[in-house]
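Welcome, and please load the structure in your viewer with side chains switched on. We will go from stop to stop, selecting a few residues at a time.

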Amino acid sequence: MGIDQFFRSAALLLALFTISLLTIGAQAQDRERAILVLDGSGSMWGQIDGVSKIEIARGEIAQMLTGWDKNIDLGLMTYGHRTKGDCNDIELVVPPQPLNGNAFQGAVNSISPKGKTPLSTAVRLAAEEMRFTEERATVVLLSDGLETCEADPCALASSLEAQGVDFTAHVIGFDISANEAKQLSCLAENTGGQFFLAGNSGELTEALAQTVQTIAVTEPEPAPEPVVVAEAKPEPAPAPAGPQGIQALAKLCETCDFLEKDVFWYLYEAKADANGKRKEINRNNNAQPIFETGQGEYHLGAKYGEAYVSSDFTVSAGQLTEGVINLNAGNLRVRAEAAPGGTSLNDKMFYYVYEAKKDLEGKRKEVSRSGAANHVFRLPAGEYHIVAIHGKARATADLTVEAGALTDHVFDMNAGYLRITGVPTSGAEPLKDNQFYYVFEAKKDLEGNRREVDRSGAAQPLFRLSAGDYHVVATHGKARTSFDVTIGADQLSDETVDMNVGYLRIANLLAEGQPPVDKDVFYYVYEAKKDLEGKRKEVDRSGNAKPLFRLSAGDYHVLATYGNSSVTADLTVDAGALTDQTMVQNAGVLRAETVLEEGGAALDKGVFWYVMSGQQDLEGKRAEITRSGNAKPIFRLKEGSYQLNVRYGNETYSFPMDVSAGEVKDASLLLKK
């Protein structure tokens with residue numbers, strides 16, 4: 001091989017190697033990435049309709065994940081969740097990666113709000129994690145407040161937009177004021193993102209759903225085609241002045257005007273790969289965008305709510321092609337009333353849209369959903385089955401959506417309301433904790449059971465129910481009562497429940513005059529009355545050192561145990577009153593160990609203990625009180641005399657021992673023959 005041929009071959013190999021590296025790099029960057037920045041500051045414990053904002057966010061994020069585009073890697077970042085007052089408390093909980101819904105939701109559920117709101121730094125760190133200066137990067141910020149760490153979100157947004165290749169921040173302001181919204185929205189606006197206001201769970205559902213729709217990849221990029229090294233071709237002549245490309249226009253029907261909002265566009269290469277997927281070139285959320293392109297064939301898709309239609313278009317040199325898409329879609333506007341012509345329902349509404357046709361198993365395919373009280377669904381023309389839910393009230397309708405038309409439907413929810421207030425006794429202040437309510441259908445089945453409709457652990461719950469008859473069970477600790485109630489459509493039933501409950505607080509002493517013991521106590525509460533076999537029914541129990549029992553007013557028998565010591569008491573609990581009971585064990589504590597020689601180290605294994613009664617019975621036998629296999633056991637015993645039998649090896653050693661009430665006694669026993 002000549003030297004010239006050698007260098008030509010080497011140059012070709014080097015070119016092929018370089019192109020291969022570039023191809024590998026392109027493959028590594030094929031997947032788009034996004035990070036959800038979730039507010040973990042202390043204010044997220046604030047409540048909306050009795051539910052904390054962090055709990056609402058967890059539930060709605062779970063819904064968001066079900067619609068997430070599997071072609072987009074998703075990460076999770078949060079702030080203010082570990083310490084209070086720390087502006088550096090920011091953590092990338094889940095790096096951007098293919099979505100594992102269960103693992104991601106588990107990470108969301110583990111966030112416990114505590115501290116400040118360094119949202120600007122969190123967004124910047126999320127952008128840097130995705131190498132926003134080199135690749136397309138998207139951040140979704142969900143926050144219930146403004147920056148509290150002396151940073152400017154607006155300035156940050158401008159900086160990220162200037163430095164980024166294609167950086168976008170979508171922002172959801174959750175339960176914030178209009179003034180706060182003005183300050184927060186610039187983070188989205190300055191990066192070309194969208195800003196949403198959400199004041200409740202329904203609006204948060206809608207905001208997250210629209211965000212997912214905005215960043216979804218309808219068709220992922222195809223696998224790279226084989227690299228072909230070809231001779232360089234001359235550059236095409238420069239395009240003439242003026243836009244060359246596609247003017248995207250969408251309409252709902254053949255004779256309808258072009259849409260001026262709510263359309264999202266995707267531009268792809270015309271050629272599809274073996275899997276039918278096309279490479280995305282561009283996307284735009286303007287209603288009538290112009291895509292500037294080179295000459296050639298393109299595939300253009302328009303999305304309007306749940307309607308999606310695409311078509312092929314040709315761009316000629318110097319020409320602006322009209323890419324007109326007929327979506328063949330209409331609008332369905334839904335709202336609900338508690339009764340016909342009655343109260344309009346403005347909260348706790350949820351709508352599900354299904355295809356009208358059922359599959360072989362009798363199920364319908366879900367098309368869309370919304371938690372907004374009044375919502376407009378954008379749907380392909382056709383037949384649909386709609387389910388409306390308000391608390392536990394439910395209504396359905398079969399509706400037709402026509403292309404270019406608005407279908408209005410008002411649901412009659414036939415719903416009423418039940419508000420319950422529990423009191424310990426008639427005329428007393430309402431109960432504020434440890435209340436639980438179960439709502440059952442009034443009618444029993446053939447086995448005498450009722451179907452549960454709803455339940456709540458709120459102190460004063462408001463149940464939303466279909467009009468009808470119900471049976472309600474109320475519990476407060478171990479106190480329990482029930483009542484029947486009829487709920488009328490568009491009516492509120494206010495029920496005050498007398499729980500007839502009293503309180504029993506118990507303290508346990510080793511001996512009179514000593515402070516209560518703080519551990520190793522167990523209490524059992526029984527009904528005072530015995531059955532025919534002389535046994536009492538257990539009502540409650542607790543391992544707390546100083547428990548507070550909530551009991552129906554009446555007479556009780558209480559057993560308090562402390563190790564091998566126990567004591568009982570009979571007492572009465574009065575409705576609305578607190579009974580304080582002190583249980584005196586007249587017991588002591590014996591801490592024991594063994595040694596093999598005077599002053600020697602205590603044995604730490606191979607020792608077994610038996611605590612026997614001090615007195616023998618008529619047959620000369622002692623009763624076993626307790627035993628232990630610990631080398632250094634702690635015995636809790638009634639005041640009195642005992643015999644300790646210690647087994648070590650093949651030998652058993654016996655020691656008399658006295659225990660005094662209130663005494664903590666240490667015994668080091670010498671094992672000798």
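Start by selecting Cys 154, which counts as partly exposed because its relative accessibility is 27%. Throughout the tour, buried means under 20% relative accessible area, exposed means over 50%, and partly exposed is in between, computed with a 1.4 Å probe and protein chains only. Before going on, note that this is a predicted model, in which local features need pLDDT of at least 70 and side-chain atom pairs count only at pLDDT 80 or more, while totals for chains, interfaces and linings use all residues. Residues are numbered from 1 along each chain as its sequence is written, and side-chain values use heavy atoms, with hydrogens and water left out.

**Stop 1: the disulfide at Cys 154**

Now add Cys 186 to the selection: the two residues form a disulfide, with their sulfur atoms 1.9 Å apart. A disulfide here is a pair of cysteine sulfur atoms within 2.5 Å. Cys 154 lies in helix α5 and Cys 186 in helix α6 (residues 178–189), so the link ties together parts that are 32 residues apart in sequence. Helices (H or I, at least four residues) and strands (E, at least two) are DSSP runs, numbered from the N terminus. The link of Cys 154 and Cys 186 is left-handed, with -90 degrees about the S-S bond. Cys 186 is buried, with a relative accessible area of 8%.

**Stop 2: along helix α5**

Select residues 153–163 to show the whole of α5; Pro 153, Leu 156, Ala 157 and Leu 160 are buried. Why do they share one side of α5? They cover an arc of only 100 degrees around the axis, which puts them on the same side; the arc is that of the directions from the helix axis to the C-beta atoms. An α-helix has 3.6 residues a turn, so residues three or four places apart point the same way.

Then zoom in on the start of α5. A side-chain oxygen of Asp 152 reaches to within 3.0 Å of the backbone nitrogen of Cys 154.

**Stop 3: the other disulfides**

How many disulfides does a search of the whole structure find? It finds 3. Select Cys 87 and Cys 149, joined by a disulfide with an S to S distance of 2.1 Å. This pair links distant parts of the chain, 62 residues apart: Cys 87 is in the loop between β4 (72–79) and β5 (90–97), and Cys 149 is in the loop between β6 (136–143) and α5. The link of Cys 87 and Cys 149 is left-handed, with -90 degrees about the S-S bond. Cys 87 counts as partly exposed at 27% relative accessibility, and Cys 149 counts as buried at 15%.

Move on to Cys 253 and Cys 256, where a disulfide has an S to S distance of 1.9 Å. The link of Cys 253 and Cys 256 is right-handed, with 95 degrees about the S-S bond. Cys 253 is buried, with a relative accessible area of 13%. With bonded cysteines counted along the chain, the disulfides follow the pattern 1-2, 3-4, 5-6.

**Stop 4: aromatic rings**

Rings of Phe, Tyr and Trp (its six-membered ring) pair if their centres lie within 6.5 Å; planes under 30 degrees apart count as stacked, over 60 as edge-to-face and the rest as tilted. By this rule the count comes to 13 aromatic pairs. One of them is the tilted pair of Phe 264 and Tyr 266, at 5.2 Å centre to centre and 45 degrees between the planes. Both Phe 264 and Tyr 266 are buried. Extend the selection to Tyr 268 and Tyr 308, which form one aromatic cluster with Phe 264 and Tyr 266.

Next, select Phe 608 and Tyr 610: their ring centres are 5.3 Å apart and their planes at 45 degrees, so this pair is tilted. Phe 608 is partly exposed at 30% relative accessible area, and Tyr 610 is partly exposed at 22%.

**Stop 5: Asn 645**

Keep Phe 608 and Tyr 610 on screen and select Asn 645, found in strand β41 (residues 640–648). Leaving aside neighbours within four places in sequence, Asn 645 is in contact (heavy atoms within 4.5 Å) with residues including Phe 608, Trp 609 and Tyr 610. Asn 645 counts as buried at 14% relative accessibility.

Technical notes: Polar contact = N/O pair within 3.5 Å; in protein donor to acceptor, adjacent residues only side chain to side chain.
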